[in-house]
Amino acid sequence: MPALLILPLKELSESALRGTALKKIDSSLASDSEAYQFYRSIDPDTYLSILPPAKFVLIHSSNDPVISHDLALRTYSLAKEPKAMYNVTEATHGYTASMHPYLEKELSLLLN
């Protein structure tokens, strides 16, 4: 049975992240190293190459005011198979009720 993966940030040290495909922001251009490290810690592209084999599920709002749909598509394209992407249309960043059926579907597949 597949396991649900939750990765605590403290276990993903900078040495574990070295060599990942993410090179979008050059740390030498960042004026605040803490801000750069925070950005790296929340960018899902940072972790894709070090995740163990498991299904990658992305549920994203095409009207998200924080993360553009293009960035979500980029993250999805970097993920390895198996993967699934679901789109909702609310103009919000975070969980919405319209995501519930997709969560139920994927959890059902995981647990059955």
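1. Leucine 103 is partly exposed, with a relative accessible area of 36%. This leucine belongs to helix H4, which covers residues 100-111. Together with Tyr95, Leu107 and Leu111, Leu103 makes a nonpolar surface patch of about 400 Å². The model under discussion is predicted, and the points below should be read with that in mind.

2. On confidence, the protein has a mean pLDDT of 75, with 72% of its residues at 70 or more. Strand S2 (residues 83-88) has the highest confidence, at 95, whereas helix H1 (residues 14-17) has the lowest, at a mean of 42. The pLDDT is below 50 over residues 1-23, a stretch that nevertheless has 28 contacts in the model beyond near neighbours in sequence. Where pLDDT is low, predicted coordinates should not be read in detail.

3. As to overall architecture, the protein contains 4 helices and 2 strands. Their order from the N terminus is α-α-β-α-β-α. Of the contacts with a separation of 6 or more, 60% join residues that are 24 or more positions apart.

4. The protein has 112 residues, and 27% of them are buried. Its accessible surface comes to about 7800 Å², with carbon and sulfur atoms contributing 60%.

5. Which residues make up the largest nonpolar core? This core has 7 residues in all: Leu48, Phe56, Leu58, Ala72, Tyr76, Ala79 and Met85. Strand S1 (56-61) and helix H3 (69-78) are the elements that give two or more residues to this core. Another core, of 5 residues, lies apart from it and includes Ile59, Ala84, Val88 and Met99.

6. Leucine 58 deserves a separate remark. When its neighbours within four places in sequence are left aside, leucine 58 is in contact with Ala72, Tyr76, Ala84, Met85 and Tyr86. Among these partners, Ala72, Tyr76 and Met85 are listed with leucine 58 in the largest nonpolar core, while Ala84 is listed in the other core.

7. How many salt bridges does a search of the whole structure find? The search finds 1. In it, the side chains of lysine 55 and glutamate 106 meet at 3.0 Å, N to O. Lysine 55 lies in the loop between helix H2 (33-42) and S1, and glutamate 106 in helix H4, so the pair ties together parts that are 51 residues apart in sequence.

8. Is each partner of this salt bridge buried or partly exposed? Lysine 55 is partly exposed, with a relative accessible area of 40%. Glutamate 106 counts as buried because its relative accessibility is 10%, and buried means under 20%.

Technical notes:
Residues numbered from 1 in each chain as written. Predicted model: local features only at pLDDT ≥ 70, side-chain atom pairs only at ≥ 80, totals over all residues. Heavy atoms only, no water. Buried < 20%, exposed > 50% of the residue type's maximum accessible area, 1.4 Å probe, protein only. Contact = heavy atoms within 4.5 Å. Areas by Shrake-Rupley, 256 points an atom, 1.4 Å probe, with all protein chains shown as cover. Core = buried A, V, L, I, M, F, W, Y, C linked by side-chain atoms within 4.5 Å. Patch = residues over 30% accessible without salt bridge, like charges linked within 9 Å, V, L, I, M, F, W, Y side chains within 5 Å. Salt bridge = Lys/Arg side-chain N within 4 Å of Asp/Glu carboxyl O. pLDDT = per-residue confidence, 0-100.
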